Amino acid sequence: MTKRLSDFDIGLLLTLDALLKHQNVTHAAARLNITQSALSARLTRLRQLLNDPLFTTAASGRGMIPTPHASKTSAACRSPSPAIRRGSGNVISGKGRSSAARCRLPG
């Protein structure tokens with residue numbers, strides 16, 4: 001089933017983006033200025049919404065490796081990320097939906 005970007009809040013999308021960039025919960029949480037516990041809760045929510053583990057533990061035991069589904073999701077929604085990160089006033093429109101709501105998440 002394909003999910004719409006608008007099914008996700010901005011916090012979840014920023015969490016996925018930070019995890020894909022840093023591939024480390026501690027670093028991603030620091031980047032988002034949230035606790036590791038809060039980031040883990042967001043990751044759990046993302047996993048439920050996308051029905052995929054999204055990341056596996058790296059062989060070294062430190063860091064995370066994105067699953068193919070996580071990588072595919074990142075590629076599908078790469079274009080709205082800069083606007084979200086900038087905090088552009090143009091990101092939110094209408095009924096609280098992202099202007100990038102046309103982006104379809106695989107799944």
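**How the labels on this model are earned**

Mentor: Read along the sequence, this protein follows the pattern β-α-α-α-β-β-α-α-β-β-β. The model is a predicted one, in which local features need pLDDT of at least 70 and side-chain atom pairs count only at pLDDT 80 or more, while totals for chains, interfaces and linings use all residues. Residues are numbered from 1 along each chain as its sequence is written, and side-chain values use heavy atoms, with hydrogens and water left out.

Trainee: How many helices and strands are there, and what makes a run of residues a helix or a strand?

Mentor: The protein has 5 helices and 6 strands. Each is a DSSP run, numbered from the N terminus, with a helix (H or I) needing at least four residues and a strand (E) at least two.

Trainee: What does pLDDT say about the protein, and which elements have the lowest and the highest mean?

Mentor: pLDDT is the predictor's confidence in each residue, on a scale from 0 to 100. Its average over the protein is 76, and 63% of the residues score at least 70. Among the elements, strand E4 (residues 92-93) has the lowest mean, 36, and helix H2 (residues 25-32) the highest, 95. Over residues 88-103 the score stays under 50, and for that stretch the model has 24 contacts beyond four places in sequence, a contact being heavy atoms within 4.5 Å.

Trainee: How do you know that the span of H3 is close to the one expected?

Mentor: The expected span is 1.5 Å times one less than the number of residues. Helix H3 (residues 36-50) has 15 residues and reaches 21 Å from its first C-alpha to its last, against an expected 21 Å, and the two values therefore agree closely.

Trainee: Which residues of H3 are buried, and why are they said to line one face?

Mentor: Buried means under 20% relative accessible area, exposed means over 50%, and partly exposed lies in between, with a 1.4 Å probe and protein chains only. The buried residues of H3 are Leu39, Leu43, Leu46, Leu49 and Leu50. Seen down the axis of H3, they fall within an arc of 125 degrees (taken from the directions from the helix axis to the C-beta atoms), so they line one face. The face turned away from this buried side carries the exposed residues Ser37 and Gln48. As background, an α-helix has 3.6 residues a turn, so residues three or four places apart point the same way.

Trainee: Why is Leu54 called buried?

Mentor: Leu54 has a relative accessibility of 0%, which is under the cut-off, so the label applies. This residue is found in the loop between H3 and E2, and its phi is positive, about 70 degrees, although it is not a glycine.

Trainee: What is noteworthy about a positive phi, and where else is one found?

Mentor: Most residues other than glycine have a negative phi. Gln23 has a phi near 50 degrees, and Asn51, just after H3, takes one of about 50 degrees.

Trainee: Why is Gln23 called partly exposed, and what makes Thr57 and Lys21 exposed?

Mentor: Gln23, in the loop between H1 and H2, has a relative accessible area of 29%, so it falls in the range between the two cut-offs. Thr57, in strand E2 (residues 55-57), has 61% and is therefore exposed. Lys21, in helix H1, is exposed at 62%. Thr57 and Gln23 are 34 residues apart in sequence, with 9.5 Å between their C-alpha atoms.

Trainee: What makes a set of residues a nonpolar core, and which residues have the most contacts inside the largest one?

Mentor: A nonpolar core is a set of buried Ala, Val, Leu, Ile, Met, Phe, Trp, Tyr and Cys residues joined through side-chain atoms within 4.5 Å. The largest has 18 residues, and those with the most contacts inside it are Phe8, Leu19, Leu43, Leu46, Leu54 and Phe55. Helices H1 (10-22), H2 and H3 each supply at least two of its residues, with H1 giving the most, 6. Leaving out residues up to four places away in sequence, Leu43 touches Leu19, Leu54, Phe55 and Met64.

Trainee: Why is Met64 called buried?

Mentor: Met64, in strand E3 (residues 64-66), has a relative accessible area of 12%, so it meets the cut-off for buried.
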